[in-house]
Amino acid sequence: MVNLGNSWDEILKDEFEKDYYKKIRKFLVYEYNHYKIYPDMYDIFNALKMCDYNDIKVVIIGQDPYHEEGQAHGLCFSVKKGIKTPPSLVNIYKELQDDLGCYIPDNGFLEKWAKQGVLLLNNVLTVRQGLANSHKTCGWETFTDRVIEELNKREKPIVFMFWGANAKKKELLVTNPNHYILKAAHPSPLSAFNGFFGCKHFSKANEFLKKNGMEPIDWQIENIGIDYKVQK
């Protein structure tokens, strides 16, 4: 039984009883018993646990969890404290520096964003070690589509950031004119120069939130004093 500990429990209660989700659960039982799967099974739904439905201000969609040891903890683009900042997140930090003057921190732990109402949701919520997108077809996309559809129903405005082709597929689910859609290339080193750098999504999001009577997001992630430099 999934327990998210907030209003998502009521909103998604029927989802966890549907046939497709039962197939996901059966699939995951096998995968966790036979392979190294990320994140830890107790961290799969951290994005939803940390962001109550009514408190969400911004939605950022990732592809699937990081697939190397110790990285993934249920928030897209975020890594645990003490883990080297991945290249895509370094590029996100670079855009934040250019857009809002934020310094580039020594860690990639984004829980601060989640606690302010930034839903850091991967399209697919689990992955097999060393194999990106290995759980792509197990059914998670149906579940995360449902999350976006429920958010789309909300009258209170939300900023949706869709980065890259994978994330942009979910744009079709956002039809409510109250919400604000921002699109750009993925921050990966392979594509960041094709439209992510210079997108200024963070300042645009904050301007929209303020316009709609909400507190802007404090995007600055503080240093924690770890003993390595972020990846370049």
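**Exercise 1.** In which loop of this predicted model does Asn107 lie, and is Asn107 buried or exposed?

*Solution.* Begin with the position along the chain: Asn107 belongs to the loop that runs between α4 and α5 (111-115). Then turn to the accessibility, where the computed relative value for Asn107 is 2%; since buried means under 20%, Asn107 counts as buried. As a last step, relate this loop residue to Ser203, which is 96 residues away along the chain: the C-alpha atoms of Asn107 and Ser203 are separated by 22 Å.

**Exercise 2.** Describe the packing of helix α4 against helix α8, and name the residues that make the contact.

*Solution.* Two packed helices are described by the angle between their axes and the distance between the axes. For α4 (residues 87-100) and α8 (residues 201-211), the angle is about 60 degrees and the axes lie 8 Å apart, and the two helices are therefore oblique to each other. On the side of α4 the contact is made by Ile92, Glu95, Leu96, Asp99 and Leu100, while α8 contributes His201, Phe202, Ser203 and Asn206. Sorting the residues of this contact by character gives 4 nonpolar, 3 polar and 2 charged.

**Exercise 3.** Which residues of α8 are buried, and against which elements do the buried residues of α8 pack?

*Solution.* The buried residues of α8 are His201, Phe202, Ser203, Ala205, Asn206, Phe208 and Leu209. Their packing partners include helix α4 and also the strands β2 (58-62), β5 (159-163) and β6 (180-184). Following the chain just past the end of α8, one comes to Gly213, which takes a positive phi of about 75 degrees.

**Exercise 4.** How many aromatic pairs does a search of the whole structure find, and what geometry do the rings of Phe45 and Phe143 have?

*Solution.* The search finds 19 aromatic pairs. In one of them, Phe45 with Phe143, the ring centres are 5.7 Å apart and the planes meet at 65 degrees, so the pair is edge-to-face, given that an angle over 60 counts as such. Next, place the two residues: Phe45 sits in the loop between β1 (37-38) and α3 (46-50), whereas Phe143 is in helix α6 (residues 140-152), so the pair ties together parts that are 98 residues apart in sequence. Both Phe45 and Phe143 are buried.

**Exercise 5.** Which residues form one aromatic cluster, and where does the charged end of Arg128 sit?

*Solution.* The cluster is formed by Phe77, Trp113, Trp163, Phe193, Phe196, Phe197, Phe202 and Trp219; of these, Phe202 has already appeared in the contact of α8 with α4. As for Arg128, its charged end sits over the ring of Tyr35, at 3.5 Å from the ring centre.

Definitions and conventions
Residues are numbered from 1 along each chain as its sequence is written. This is a predicted model: local features need pLDDT of at least 70, side-chain atom pairs count only at pLDDT 80 or more; totals for chains, interfaces and linings use all residues. Side-chain values use heavy atoms; hydrogens and water are left out. Rings of Phe, Tyr and Trp (its six-membered ring) pair if their centres lie within 6.5 Å; planes under 30 degrees apart count as stacked, over 60 as edge-to-face and the rest as tilted. Helices (H or I, at least four residues) and strands (E, at least two) are DSSP runs, numbered from the N terminus. Buried means under 20% relative accessible area, exposed over 50%, partly exposed in between (1.4 Å probe, protein chains only). A charge sits over a ring if NZ of Lys or CZ of Arg is within 6 Å of the ring centre and within 35 degrees of the ring normal. Axes are lines fitted to C-alpha atoms, for helices over the stretch in contact, and angles run from 0 to 180 degrees between N-to-C directions. Angles under 35 degrees count as roughly parallel, over 145 as roughly antiparallel, 65 to 115 as roughly perpendicular and the rest as oblique. Contact means heavy atoms within 4.5 Å. Ala, Val, Leu, Ile, Met, Phe, Trp, Tyr, Cys and Pro count as nonpolar, Asp, Glu, Lys and Arg as charged, and the others, Gly among them, as polar.
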